[in-house]
Amino acid sequence: MEQETATFAVKKGLAQMLKGGVIMDVVTSEHARIAEDAGAVAVMALERVPADIRADGGVARMSDPELILKIMDAVTIPVMAKCRIGHMVEAQILEALGVDYIDESEVLTPADETYHIYKHPFKIPFVCGARNLGEALRRLGEGAAMIRTKGEAGTGDVVEAVRHARVIMGEIRRLQNLPEEEVMTVAKEWGAPYEGLLEVRSLGRLPVVNFAAGGIATPADAALMMQLGMDGVFVGSGIFKSGDPARRAAAIVKAVTHYQDAALLAEISRNLGEPMVGRAVSSIPAEELTAGRGW
Amino acid sequence: MKVGILALQGDFIEHQAMLLRLGAETVEVRLPQHLDGLDALIIPGGESTTIGKLAETYGLMEPLRQFGEQHAIWGTCAGAIFLSKDARRPQPLLGIMDIMVMRNAFGRQVDSFEVDLDTPFLPASNGHQKTFHAVFIRAPLIESVWGSARSLAALPNGRIVAARQGRLLATSFHPELTGDDRFHRYFLEMAK
């Protein structure tokens, strides 16, 4: 048999290699090296971390390819980059750059308010955010090879990531207990592809890796998301908006490995300097929230 | 047989599922004391820099080296890098296999691939030829083997992707991502 590239197994497989790890947002190659030295399994290359996107306002787009290429040169771990929801040309450009994963992300300003990118034909795998099982399965139907909770990026408030993890895991548990004749009606109610529900029902989990994202700022937050059943953690603003990024980054990496060991977590959490200031999600006007972006 | 799986980071659950299917008992290893009473150890795929850093931080380097003197260890992808004596860049390595590896030898994720390898040392499955369907993800190559290490499997172009040295086994690819448990059976035989 000839070598086959860009199969779903290798797309999904890279995410499987990232499990139990931390993917960190970085805006410079210097940040990228700090992240790699701290034990990140991958970095997300972007121009502004979500907290700054939130503060600056305006339209948030794909980063300058020059910046992404510099970050790719700086580290040996996988490099991810974000494109806007529905912006297939930004995704094509990221594919041409050879990034390792594309995040079709609600953190950027959506380019399309009705449709997402059809992701199957791309050679680069995609990760997409989800708030519930229906949304996760719609993204998988379009070809995503990895899912993350949306949370509420750039807030340092973990409450939305917890909500989305609870909803997804809860819906999986509920689905497993449904008699077959009820699955189709649930598919209608949840906006979920029927075949996808059947697969989740038999596996007892999503068929791809599911990370936590959106508001994780401390080692305890990261361990919480792992205890809720997530496969790993994205940390955006939480590291480089904190007082001592290198130290905090290394601590979050350790916390994801030792997420069940409270004595170690206590040790890991000591003397990390100031966390990012953060902003309670409940204090943010509805029109400024990003988790609702996605269709 | 009680098999540990280094669970610092990576796809350790996939290895665990395969071993449980074969009737082995499994233990997740995150700290040195978790090695007590194990018969063998698997180091999974993941990011070798992350696994190395966590192993150093939690005092696992020497205990793992000592474990390898007495017991079988198998490293897949990142695990193979971690076993090697030389990865051509500074990063924590156990350095217990006489192999030199090159990380990301095939390129980036876009170059990840699947291929059938000739594996005459494995039993034929279901009357098929003695090949193994191998999944390579940002995979390393085993550039050279020396000492008591020997090549076990290679790509059609001759580049080495699996090596064995006594009871140490290194594969560039991920048998744990397939439904084919013959490599895991082979390892359990080695570990006896």
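In this predicted model, B:Glu28 is in contact with B:Ile5, B:Ala7, B:Phe12, B:Gln16 and B:His34, once its neighbours within four places in sequence are left aside. The residue belongs to strand S2 of chain B, which covers residues 25-29, and B:Glu28 is partly exposed, with a relative accessible area of 26%. B:Ile13 stands 15 residues from B:Glu28 in sequence, and the two C-alpha atoms are 9.1 Å apart in space.

A second strand position in chain B is B:Lys85, which is placed in strand S5, residues 84-86. Not counting residues up to four places away in sequence, B:Lys85 touches B:Leu93, B:Gly95, B:Met97, B:Asp98, B:Ile99 and B:Trp146. Of these partners, B:Gly95 is 10 residues away in sequence, with a C-alpha to C-alpha distance of 3.8 Å from B:Lys85.

In chain A, A:Pro78 occupies the loop between helix H4 (65-74) and strand S4 (79-84). The contacts of A:Pro78, again without residues up to four places away in sequence, are A:Leu14, A:Leu18, A:Val41, A:Ala42, A:Val43 and A:Asp100, together with B:Glu47 and B:Arg138 from chain B. A:Leu18 and A:Pro78 are 60 residues apart in sequence, yet their C-alpha atoms are 9.3 Å apart in space. Both A:Leu14 and A:Leu18 are among the buried residues of helix H1 of chain A, a group that also includes A:Val10, A:Lys11 and A:Gln16. Because eight of the 11 residues of this helix (residues 8-18) are buried, H1(A) is largely enclosed by the rest of the structure. Just after H1(A), A:Gly20 adopts a positive phi of about 70°.

The accessibility of several residues can be set side by side.

| Residue | Relative accessibility | Class |
|---|---|---|
| A:Cys83 | 0% | buried |
| A:Pro78 | 2% | buried |
| B:Cys77 | 5% | buried |
| B:Glu28 | 26% | partly exposed |
| B:Lys85 | 44% | partly exposed |

As for the cysteines, a search of the whole structure finds zero disulfides over all chains. A:Cys83 accordingly takes part in none, and the nearest cysteine sulfur, that of A:Cys128, lies 8.0 Å away.

A:Cys83 also appears among the contacts of A:Leu94, which, apart from neighbours within four places in sequence, meets A:Met62, A:Ile68, A:Ala81, A:Lys82, A:Cys83, A:Val99 and A:Ile102. A:Leu94 and A:Val99 are in turn among the residues with the most contacts inside the largest nonpolar core, which has 91 residues; A:Met24, A:Met225, B:Leu6 and B:Phe82 are the others named there. Helix H12 of chain A (residues 245-257) supplies the largest share of this core, seven residues. Apart from this core lies another, of 32 residues, among them B:Ala139, B:Ala153, B:Val161 and B:Ala191.

H12(A) also packs against a helix of the other chain, H2(B), which runs over residues 48-57, and the two axes come within 11 Å and cross at roughly 85°. Since angles of 65 to 115 degrees count as roughly perpendicular, H12(A) is described as roughly perpendicular to H2(B). The residues that meet are A:Val253, A:Lys254 and A:Thr257 from H12(A), and B:Thr50, B:Leu54 and B:Thr57 from H2(B). By class, this contact comprises two nonpolar, three polar and one charged residues.

Technical notes: Residues are numbered from 1 along each chain as its sequence is written. Chains are lettered from A and ligands numbered from 1 in the order in which they are written. This is a predicted model: local features need pLDDT of at least 70, side-chain atom pairs count only at pLDDT 80 or more; totals for chains, interfaces and linings use all residues. Side-chain values use heavy atoms; hydrogens and water are left out. A nonpolar core is a set of buried Ala, Val, Leu, Ile, Met, Phe, Trp, Tyr and Cys residues joined through side-chain atoms within 4.5 Å. Buried means under 20% relative accessible area, exposed over 50%, partly exposed in between (1.4 Å probe, protein chains only). Helices (H or I, at least four residues) and strands (E, at least two) are DSSP runs, numbered from the N terminus. Contact means heavy atoms within 4.5 Å. A disulfide is a pair of cysteine sulfur atoms within 2.5 Å. Axes are lines fitted to C-alpha atoms, for helices over the stretch in contact, and angles run from 0 to 180 degrees between N-to-C directions. Angles under 35 degrees count as roughly parallel, over 145 as roughly antiparallel, 65 to 115 as roughly perpendicular and the rest as oblique. Ala, Val, Leu, Ile, Met, Phe, Trp, Tyr, Cys and Pro count as nonpolar, Asp, Glu, Lys and Arg as charged, and the others, Gly among them, as polar.
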